[in-house]
Amino acid sequence: MEKKTLYDLLQLNDLDNTRITFNKKKDNVDPLLVFINTPDKMDEWTNWSTKPYKIGQTAVTLVKITDYEWLLVSIETITELIDLNGKEGIGSRSKVIDEYKKYFGKVIIHYHNEVRQYFRIGSEIIRDLTIKEILEKSFSINDYKKHQKNDSGNISLIDMNKVIIIDLNSGDYTKNKIGHELFNLEQNPIDGRFYGYCPPKDNIDIGSNFNEKNKNFVDGVLVVYVRKKQPTNNREIIGFCQNARVYGKSQSGKELSRSFIDKNGKEEIASYSIVSDNRTDLRNISNKFEININNFNNKMFRMQRVYGHTYPDLTNQVIDYVHSIIQNKELLDTNDNEEQIEIQKSSPASATEITESSNKPLNIVTGNNGKVILKDSKISKSALVNSNYKCVVNALHETFITEKEVSYMEGHHLIPCTVDNSEFIMKKYNKNIDCYENIVCICPNCHRAIHFGKWNEKEERLKILYKHQEKQFKKIGIDISEEELLDFYRKK
């Protein structure tokens with residue numbers, strides 16, 4: 001039997017005049033919890049925008065439960081617009097459509113918002129929104145807890161009492177020998193899993209610290225790896241494993257290719273006490289989370305491990321950081337530092353390679369953090385060369401002169417070149433966004449502002465870049481508006 005969609009349920013008439021918003025955690029505020037605790041406040045989420053609505057439009061508001069599940073929380077008619085002067089904020093007022101109130105908080109939609117856009121046109125998407133479940137009562141805090149383990153296995157609700165922070169390569173042992181934690185962030189060549197050693201000497205007291213007495217292991221633990229930030233004694237997060245199994249006693253790594261030659265020339269085998277099917281590697285990102293130990297206890301890492309219940313304020317901060325990484329993992333997909341190095345080394349593409357770049361198949365590979373797009377550095381280099389190494393945002397922006405006697409500039413994919421975005425554009429337009437028409441030459445300051453700046457900093461630059469590339473997009477058949485481009489960058 002064919003699955004029922006949101007369109008089948010609601011039978012909205014003017015779909016071209018309907019806007020559907022996908023709302024997720026913003027500034028550490030979860031709209032799902034807002035709805036559960038103070039449903040009247042959802043009006044602020046419905047009307048939050050850079051004024052994309054028009055009077056008379058229908059606004060359908062969904063909030064994120066998991067990566068593949070969304071809750072219908074309101075359907076309203078836009079009655080008034082508010083001039084935001086180009087800023088982000090509450091840009092309209094609306095009125096609830098009473099006939100649909102019976103569905104608010106009860107209809108769970110199954111849909112993977114592939115391009116991470118929060119604002120979609122009803123006619124383009126409503127028939128793809130499959131109804132997974134209609135609840136008898138409005139979604140509650142108990143439902144919230146039940147649904148938090150999503151389709152892909154990521155933890156959305158992390159238990160503070162199942163967190164351990166492990167300090168790597170800082171003990172006295174590593175002064176003269178190689179620490180057995182050398183494999184902690186590396187994928188095991190035998191079975192593809194991630195095995196972690198917990199200094200000193202493994203042997204984690206899971207009975208006292210995870211309340212799991214009379215057991216050999218505990219599951220569902222968030223394991224966070226940190227290292228000393230030189231020249232201070234503060235620690236910075238360099239990676240984490242979700243849903244890990246933690247053993248109370250040291251496990252032998254003999255059959256798992258965990259042998260190494262120590263500084264004294266002898267062969268050693270690294271034991272382990274942590275096993276996980278996943279690992280998020282943060283060693284190469286620039287904005288690492290820093291633990292200022294003087295805010296807690298300057299000897300807190302004396303035993304090279306800290307449990308979640310020991311410093312609740314710190315644990316909450318770490319959990320929020322992990323949530324932000326999980327929810328914005330597309331930033332990790334880019335491996336941007338490595339890409340820019342490759343672009344600088346590369347030669348420009350040929351005329352044929354440039355012409356055919358949007359028609360080539362997607363090159364998807366498995367990287368440190370899952371599937372990523374393997375980009376062609378030659379195409380990006382051509383964008384720099386043909387812009388005469390001048391920033392498209394502002395040609396007066398100066399950087400420094402490289403060894404090749406040109407100004408240092410960087411290549412940026414205007415439609416972010418993540419796997420989800422690439423598959424979406426390929427499906428809709430049959431085009432590869434790792435193409436010449438989607439790459440702009442910008443200075444590193446503008447590049448960082450687009451990735452990490454406040455919304456007004458991003459928006460100002462993106463509008464300039466869109467105007468510069470609009471004809472290029474249309475030339476190859478990618479017909480997106482300025483507003484649609486901005487949607488790729490919004491973080492609701």
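1. Just after helix α12, Asn 388 takes a positive phi of about 55 degrees. The model under discussion is a predicted one, and the helix that precedes Asn 388 is a convenient place to start reading it. Helix α12 covers residues 377–386 and is mostly covered, with seven of its ten residues buried. Those buried residues are Ser 377, Ile 379, Ser 380, Lys 381, Ser 382, Ala 383 and Leu 384, a list in which serine and lysine appear beside isoleucine, alanine and leucine. At the N-terminal end of α12, Asp 376 acts as a cap, with a side-chain oxygen placed 3.0 Å from the backbone nitrogen of Lys 378.

2. Strand β3, which spans residues 58–66, deserves a careful look: nine of its nine residues are buried, so the strand is largely enclosed by the rest of the structure. Strand β1 (residues 18–23) runs parallel to β3 and is joined to it by six bridges, and within this pairing Asn 23 has Val 63 of β3 as its bridge partner. Strand β4 (residues 69–81) pairs with β3 in the antiparallel sense over eight bridges, and here Ala 59 finds its bridge partner in Glu 76 of β4. The connection from β3 to β4 is a hairpin that passes through two residues.

3. How many aromatic pairs does a search of the whole structure find? The search gives nine. One of them brings together Phe 217 and Tyr 247, whose ring centres are 5.8 Å apart and whose planes stand at 65 degrees; because an angle over 60 degrees counts as edge-to-face, the pair is placed in that class. This pair links distant parts of the chain, since Phe 217 belongs to strand β12 (residues 217–228) and Tyr 247 to strand β13 (residues 235–251), 30 residues apart. The two rings should not be given one label for burial: Phe 217, at 30% relative accessibility, counts as partly exposed, whereas Tyr 247, at 17%, counts as buried.

4. Phe 289 and Tyr 321 form an aromatic pair of the tilted kind, with 5.2 Å from centre to centre and 45 degrees between the planes. Phe 289 lies in the loop between β17 (280–281) and β18 (290–291), while Tyr 321 lies in helix α8 (residues 312–327), so that the pair links parts of the chain that are distant, 32 residues apart. Both Phe 289 and Tyr 321 are buried. Elsewhere, Phe 22, Trp 70 and Tyr 111 form one aromatic cluster.

5. Two arginines are placed over aromatic rings and may be checked by eye. Arg 245 lies over the face of Phe 217, at 3.7 Å from the ring centre, and Arg 127 lies over the face of Tyr 7, at 4.2 Å from the ring centre.

6. The largest nonpolar core has 35 residues, and those with the most contacts inside it are Ile 415, Ile 478 and Ile 480. The elements that give two or more residues to this core are α13 (419–429), β23 (439–442), α14 (444–452), α15 (455–475) and α16 (482–487), and the largest share, five residues, comes from α15. Leaving aside neighbours within four places in sequence, Ile 480 is in contact with Ile 415, Tyr 429, Tyr 466, Phe 473, Leu 485 and Phe 488. A second, separate core has 23 residues, among them Leu 12, Ile 97, Leu 129 and Ile 131.

How values were computed. Residues numbered from 1 in each chain as written. Predicted model: local features only at pLDDT ≥ 70, side-chain atom pairs only at ≥ 80, totals over all residues. Heavy atoms only, no water. Buried < 20%, exposed > 50% of the residue type's maximum accessible area, 1.4 Å probe, protein only. Helix = DSSP H or I, 4+ residues; strand = E, 2+ residues; numbered from the N terminus. Polar contact = N/O pair within 3.5 Å; in protein donor to acceptor, adjacent residues only side chain to side chain. Phe/Tyr/Trp six-rings, centres within 6.5 Å; stacked < 30°, edge-to-face > 60°. Lys NZ or Arg CZ within 6 Å of the ring centre and 35° of its normal. Pairing = 2+ DSSP bridges. Core = buried A, V, L, I, M, F, W, Y, C linked by side-chain atoms within 4.5 Å. Contact = heavy atoms within 4.5 Å.
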